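Please look at the structure shown below, and keep its sequence at hand. The paragraphs that follow lead through it step by step.

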Amino acid sequence: MDKPKERHLIPHEGEALVAHNLKIMRKAARLSQDDVAERMRRLGFKFHQTQIAKIENGTRSIQFDEVVGLAKALNLPAEYFMTQAVADPEDPHYELQEAGFRLQDLEKEWRTAQDLADAAKSRLKEAERDYDEIAERLGVDTTPSGDELTFYPAPNSLEDPLREDADAPAAE
């Protein structure tokens, strides 16, 4: 009887991309395959160094949740594994690609900071409206004089117009 024909698994294009990027980014992080496997185990995956080796050489398929786990294990966005091939450190474009990744990270950080600033500005405007409505309801004049900044008095301070003894002369 003939021996069955030996077949080499050819990874799907996406798996080959993940395998390539895993190997490059693992080495760039100066992690061994065993280090990555240990990090995966801490994340709840049953991984061993040989599985990392098989993923990297394309002989083991990889599930989506494992890609997400590998991204967490390497402290990288999962998109780095799946969108485009990462350049090898020997590649002349490696430095440019690394700068591009840093740029993407900082753009995300900037967008987050902008969102936080916009939210804080909105809360400030709401607080100013509340203050003005309460002052109007109580008949307190809070109109700024000239181009000066308006500083609101501390509650119950001598400058507070709502203080119960506000008509008493301020102590010097």
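Just after helix 4, N75 adopts a positive phi of about 60 degrees. This residue, N75, sits in the loop between helix 4 and helix 5. N75 is a residue other than glycine, and its relative accessible area of 68% makes N75 exposed. A second such case is R30, where phi is near 60 degrees, again a positive value in a residue other than glycine. R30 belongs to the loop between helix 1 and helix 2, and R30 is exposed as well, with a relative accessible area of 76%. Just after helix 3, G58 has a positive phi of about 80 degrees.

The model is predicted, and the confidence of the prediction should be considered before going further. The mean pLDDT of the protein chain is 81, and 83% of the residues score at least 70. Residues 4-11 have a pLDDT below 50, and beyond near neighbours in sequence this stretch makes four contacts in the model. Where pLDDT is low, the predicted coordinates should not be read in detail. Among the elements of the chain, helix 2 has the highest mean pLDDT, 96, and helix 5 the lowest, 84.

What is the overall pattern of the protein chain along the sequence? The pattern reads α-α-α-α-α-α, with six helices and zero strands. The chain has 172 residues, of which 24% count as buried. Its accessible surface is about 13400 Å², and carbon and sulfur atoms account for 52% of that surface. Of the contacts between residues at least 6 apart in sequence, 51% join residues at least 24 apart.

The interior comes next. In soluble globular proteins, nonpolar side chains tend to be buried together. Here the largest nonpolar core contains 21 residues, and L70 and F81 have the most contacts inside it. At least two residues of this core come from each of helix 1 (13-28), helix 2 (33-42), helix 3 (49-57), helix 4 (64-73) and helix 5 (79-82). Which residues does F81 touch, leaving aside its neighbours within four places in sequence? F81 is in contact with L17, V18, N21, L22, M25, V67, L70, A71 and L74.

Two of the helices may be followed in turn. In helix 4, the buried residues are E66, V67, G69, L70, A71 and A73. Their cover includes helix 1, helix 2, helix 3 and helix 5. D65 also lies in helix 4, but D65 is partly exposed, at a relative accessible area of 46%. The C-alpha atoms of D65 and F45 are 9.6 Å apart in space, although the two residues are 20 apart in sequence. In helix 3, Q51, I52, A53, I55 and E56 are buried, and the buried residues of this helix pack against helix 1, helix 2 and helix 4.

Attention may now turn to charged residues. Side chains of opposite charge can pair when their charged atoms come close. The model has seven salt bridges, counting a side-chain nitrogen of Lys or Arg within 4 Å of a carboxyl oxygen of Asp or Glu. One of them joins the side chains of R41 and E38, at 2.8 Å from N to O. Both residues lie in helix 2, three residues apart, or about one turn of the helix. An α-helix has 3.6 residues a turn, so residues three or four places apart point the same way. R41 is partly exposed, with a relative accessible area of 34%, and E38 is partly exposed at 31%.

Another salt bridge links E79 with K108, whose closest N and O atoms are 3.4 Å apart. Because E79 lies in helix 5 and K108 in helix 6, this pair ties together parts that are 29 residues apart in sequence. E79 is partly exposed, at 34% relative accessibility, and K108 is partly exposed at 32%.

A further salt bridge is formed by R111 and E107, with the closest N and O atoms 4.0 Å apart. R111 and E107 are four residues apart in helix 6, about one helical turn. The relative accessible area of R111 is 45%, so R111 counts as partly exposed. E107 is partly exposed too, at 38%. In addition, salt bridges that share partners join E38, R41 and R42 into one network.

Finally, the surface also carries a nonpolar patch of about 260 Å², made by I134, L138 and L162. I134 lies in helix 6, which covers residues 94-138. With a relative accessibility of 38%, I134 is partly exposed.

Key. Residues numbered from 1 in each chain as written. Heavy atoms only, no water. Core = buried A, V, L, I, M, F, W, Y, C linked by side-chain atoms within 4.5 Å. Buried < 20%, exposed > 50% of the residue type's maximum accessible area, 1.4 Å probe, protein only. Contact = heavy atoms within 4.5 Å. pLDDT = per-residue confidence, 0-100. Areas by Shrake-Rupley, 256 points an atom, 1.4 Å probe, with all protein chains shown as cover. Patch = residues over 30% accessible without salt bridge, like charges linked within 9 Å, V, L, I, M, F, W, Y side chains within 5 Å.
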